[in-house]
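This report describes how the strands and a helix of one protein chain are arranged. The sequence and the structure follow.

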Amino acid sequence: MSIKVKFIFEGVGIVIGELKPDKSPKTFELIIKSLPFESTAYRWGDEVYFSTPVSTSEENAVEVVDYGVIAYWPPGSALCLFFGPTPVSRSPNEIRPYSPVNVLGKIIEGIDILKNVRSGVKVRVEKA
């Protein structure tokens, strides 16, 4: 069972993602139960991240992700949307989070909008 979610970035646009429970079922359930919520987005290289009302630990966490991955970062209680290299990536094609993340799903629409998100932008996350 997958759930589609909308990330509504105020004044910027909407990104649609699909979350699945297969890689991080506990984290998936906590995030879905927390919807909807609002937060403030931040940029870190080609990653947009923002805090969530959820607090949980690593769950099948990975050190490198694919383009378009939506993940939860335990130390910051944050959702992360990855669309390219970060400051700690070891090559131009590697997408490396600051520390291991719990993979939740993939961006399925509007990924190019993330390039226009600046730190401080309000974001609302809700079921699509």
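## Strand pairing and the helix on the sheet

Phe37 stands opposite Val125, a residue of strand S9. The model in which this pair is seen is a predicted one. The pair belongs to the antiparallel pairing of S3 with S9 (residues 122-127), where four bridges join the two strands.

These strands are part of an open sheet of nine strands with antiparallel pairing, in the order S3-S9-S1-S2-S8-S6-S7-S5-S4. Strand S3 (37-40) and strand S4 (42-43) stand at the edges; each has a single partner strand, so one side of each is left without a neighbour in the sheet.

At the edge formed by S4, the partner is strand S5 (residues 47-51), and the two pair in the antiparallel sense over two bridges. Within this pairing, Arg43 has Val48 of S5 as its bridge partner. The hairpin of S4 and S5 has three residues between the strands, and Gly45 takes a positive phi near 65° there. S5 is also joined to S7, again antiparallel, by five bridges. Here Tyr49 stands opposite Cys80 of S7.

The pairings described above are collected below.

| Strand pair | Bridges | Direction |
|---|---|---|
| S3 and S9 | four bridges | antiparallel |
| S4 and S5 | two bridges | antiparallel |
| S5 and S7 | five bridges | antiparallel |

Helix H1 packs on the sheet, where it touches strand S1 (3-9), S2, S3, strand S6 (69-73), strand S7 (78-82), strand S8 (102-109) and S9. The direction of H1 makes about 55° with that of S8. Which residues of H1 are buried? They are Thr27, Phe28, Ile31, Ile32 and Ser34. Seen down the axis of H1, these buried residues fall within an arc of 160°, so they line one face of the helix. As a general rule, an α-helix has 3.6 residues a turn, so residues three or four places apart point the same way.

Ser24 lies in the loop between strand S2 (13-19) and helix H1 (25-34). Is Ser24 buried or exposed? Its relative accessibility is 0%, and Ser24 therefore counts as buried. The side chain of Ser24 reaches the backbone oxygen of Glu59 at 3.3 Å. When neighbours within four places in sequence are left aside, Ser24 is in contact with Glu59, Asn102, Val103 and Leu104.

Key
Residues are numbered from 1 along each chain as its sequence is written. This is a predicted model: local features need pLDDT of at least 70, side-chain atom pairs count only at pLDDT 80 or more; totals for chains, interfaces and linings use all residues. Side-chain values use heavy atoms; hydrogens and water are left out. Buried means under 20% relative accessible area, exposed over 50%, partly exposed in between (1.4 Å probe, protein chains only). A polar contact is a pair of N or O atoms within 3.5 Å; within protein, one must be able to donate a hydrogen and the other to accept it, and residues adjacent in sequence count only if both atoms are side-chain atoms. Contact means heavy atoms within 4.5 Å. Two strands pair if DSSP finds at least two bridges between them. Axes are lines fitted to C-alpha atoms, for helices over the stretch in contact, and angles run from 0 to 180 degrees between N-to-C directions. The arc is that of the directions from the helix axis to the C-beta atoms.
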